[in-house]
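Visitor: I have a structure open in front of me and would like to learn how to read it. Could you walk me through it?

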Amino acid sequence: MSDPLLYGKVADLRRAFDQAFSAAPTTADAELEDLITVQIAGKPHALRAREISGLFLHRSVLKVPTRRSELLGIAGIRSALVPIYDLAALLELGQSTSASPWIAVCDSLEPLGLSFQSLEGLLRVAKNCVSEATLDTASGLPRSVLRVNDQTYPIVEVGLLVKKLKGLGTLSEPGKDR
Amino acid sequence: MAWTFGKKIAAGFGISVAMLVLVGMIAYRETDSLMENDRMVTHTHTVLEQLTLLLSAMQDAETAHRGFLVMGEDTYLEPYQSALAHIGPILSTLRGLTSDNDRQQRRLDQADALIQSKLGVIKHSIELRRTEGMLSARTELTEGKQVMDDFRRVVQAMEQEEHDLLKQRSSAAESGAKAAQFGIAAASLFALLFVGLAGWTITRSLNAQLSSATANIRSSSTELEAAATQQASGAREQSSATSEVSTTLRELLSTAKQIAESAQRVARIADDTAHGARSGDETVLRASDAVQSIKRQVDLIVAHMLDLGKKSQQVGGIVELINELAEQTNILAINATIEAAGAGDAGKRFGVVADEIRKLADRVAGSTKEIRGLIDDIRSAVNTTVMATEGGSKAVEAGSKQFVELTTSFKQIVELVGTTTEAAREIELSTKQQSTAVEQVNLAITNVAQATKENEASSNQTLQTARQLTALSRELTRMIQTDEAA
């Protein structure tokens with residue numbers, strides 16, 4: 001490698017990688033929270049990693065007859081049929097016009113998929129970066145906001161959203177809509 | 001009919017001369033007639049004189065005869081002898097003088113016969129006196145007297161004839177003199193009247209013509225004066241113009257010399273240019289070979305660059321694969337992180353690994369993104385280079401063609417420079433000839449200037465003459481009008 005800049009970069013990567021495994025876990029890790037930043041209907045949002053059981057890309061979604069416009073269909077994930085909902089529609093951000101190839105699967109017992117536009121990444125941030133939850137009058141759900149690096153991400157309360165969907169009784173028995 | 005002055009004056013003189021000739025002819029004819037009359041009168045007097053002499057001779061012969069008869073001496077016969085000598089010539093003269101008169105010729109014949117008879121009687125009587133005496137001779141006297149009487153009658157008749165002729169000729173001479181006097185007087189009067197009329201007519205005509213001519217002269221002299229004034233002004237302007245032309249010609253001469261020097265320089269430079277062009281032609285040929293070599297190298301570069309483009313596409317595909325792997329790794333790492341988070345404290349160590357894997361996947365994704373950008377840059381650069389190289393190849397090809405054209409152009413330049421050299425030499429020669437011509441023109445212009453000055457002086461003289469002519473025409477008009485008034 002004749003490029004000294006690139007050589008330094010490689011060295012930094014190796015050092016950081018080695019350091020991550022050599023250092024002991026810090027107590028401060030308990031004050032950290034993993035948040036997945038995504039784009040929903042072209043707007044940044046964040047999902048709590050602990051409320052997600054997995055992310056999947058480019059899974060084929062089979063449309064099913066339904067009166068609910070936010071229900072996109074069903075997909076086979078981890079050997080189970082999972083209903084897929086349009087997260088933008090659920091958050092009343094409007095029907096997704098562009099493709100939403102990403103699916104976040106929640107609740108491993110009764111899995112439920114939430115489709116969104118794109119994945120930005122995973123952020124491990126201090127819990128104080130997340131604001132206290134306030135009640136959103138429009139959706140009737142509490143709403144928290146992540147502020148990091150001068151960027152604001154509304155946090156989607158996936159657990160409450162899932163409970164709300166299940167409270168409607170439409171998740172466990174999707175066939176009833178027929 | 002418009003007659004000229006000369007014709008009119010000649011006609012006047014001709015009429016006068018004709019009248020003089022007429023009068024002279026009449027006078028001559030009448031004088032000649034008078035002289036003829038006078039000659040005839042003189043002739044008649046001569047005839048009378050000869051008749052008188054003849055009668056006197058005969059009387060002398062008779063007187064001498066009688067004296068001899070009386071005295072008997074020969075001395076008394078001398079008048080007789082003298083008469084005998086004169087009678088013949090007198091008769092001959094009378095015959096000549098009266099040759100134009102038949103009557104007188106016949107009378108003269110009678111007189112001659114009577115004279116011969118008388119002289120015969122006298123001679124016979126003288127012979128008798130001498131031989132027989134006085135008495136015998138006296139008988140002859142009677143016969144002689146009768147002959148003598150007859151002779152006297154004949155002579156008297158002749159004298160009467162001559163007197164009648166004399167009277168008749170005197171009357172004719174007098175009437176001729178009167179006729180001559182009348183004719184001369186009438187001819188002179190007629191000539192005087194005719195010449196006077198002709199003179200009056202000619203004078204009137206001449207006056208009219210002279211008046212018209214003087215008016216024309218005055219008008220012409222006025223126009224001549226104006227023309228002379230204008231000509232003098234024009235001559236002054238021409239003089240000024242010739243001065244300017246002369247100055248311009250001097251400048252032109254100087255310029256022509258400069259042009260000749262420039263033409264010499266141009267010829268020298270053209271020679272140098274021709275030399276340079278020939279050298280440039282060789283250089284262009286070498287450059288053309290070099291360009292062909294460059295073209296081959298450029299084609300090789302294009303081939304290599306296209307190959308490099310293909311290779312970079314292949315690298316891009318591999319990078320896409322790596323990127324795909326990185327994305328999947330990232331998803332896997334995120335899911336692992338999610339799983340670790342769901343496992344609580346037990347999954348913390350796994351979460352660290354998953355986080356590192358995610359970071360590694362992020363870095364790989366970032367690196368692949370950089371690599372993709374670099375590959376895109378490489379492909380873009382390759383494309384740009386290929387295009388530039390192809391453009392360069394085309395430019396080299398065009399340059400090669402242009403070098404061929406340049407070679408042709410250099411040859412043309414060499415030829416044109418040769419032509420330029422010849423032209424410059426011709427210009428130099430022409431300019432020298434032009435300089436000579438300009439000098440000649442300058443000399444001619446100097447002569448023209450001199451002629452213009454002389455022309456100006458001549459114009460002034462013409463102006464003065466025109467003024468004098470105007471004054472003269474006015475004076476002539478005044479004289480004519482005065483004559484007419486008089």
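**Reading the two chains**

Guide: Happily! Let us begin with the order of elements: read from the N terminus, chain A goes α-β-β-β-β-β-α-β-β-β-β-β-β-α. Keep in mind throughout that this is a predicted model.

Visitor: How many helices and strands does chain A have?

Guide: The count for chain A is 3 helices and 11 strands.

Visitor: What share of the residues in chain A is buried?

Guide: Burial is judged by how many neighbours surround a residue, with 20 or more other C-beta atoms within 10 Å as the cut-off. Of the 178 residues in chain A, 29% are buried. You can also look at the contacts along the chain: among those in chain A with a separation of 6 or more, 54% join residues 24 or more positions apart.

Visitor: Where does chain B touch chain A, and how many residues take part?

Guide: On chain B, 15 residues are in contact with 17 residues of chain A. Helix H4 (134-342) and H5 of chain B each supply at least two residues of that side. H5(B) gives the largest share, 8 residues. Sorted by class, this side of chain B has 6 nonpolar, 3 polar and 6 charged residues.

Visitor: Which helix of chain B has the lowest mean pLDDT?

Guide: A general caution comes first: where pLDDT is low, do not read the predicted coordinates in detail. Among the elements of chain B, helix H5 (residues 348-485) has the lowest mean, 80, and helix H2 (residues 78-97) the highest, 89. Chain B has a mean pLDDT of 82, with 99% of its residues at 70 or more. For the complex, the predictor gives an ipTM of 0.76 and a pTM of 0.41.

Notes. Residues are numbered from 1 along each chain as its sequence is written. Chains are lettered from A and ligands numbered from 1 in the order in which they are written. This is a predicted model: local features need pLDDT of at least 70, side-chain atom pairs count only at pLDDT 80 or more; totals for chains, interfaces and linings use all residues. pLDDT is the predictor's confidence in each residue, from 0 to 100. Helices (H or I, at least four residues) and strands (E, at least two) are DSSP runs, numbered from the N terminus. Two residues are in contact if their C-beta atoms, placed from the backbone, lie within 7 Å. Ala, Val, Leu, Ile, Met, Phe, Trp, Tyr, Cys and Pro count as nonpolar, Asp, Glu, Lys and Arg as charged, and the others, Gly among them, as polar. A residue is buried if 20 or more other C-beta atoms lie within 10 Å of its own, exposed if 12 or fewer, and partly exposed in between; C-beta atoms are placed from the backbone.
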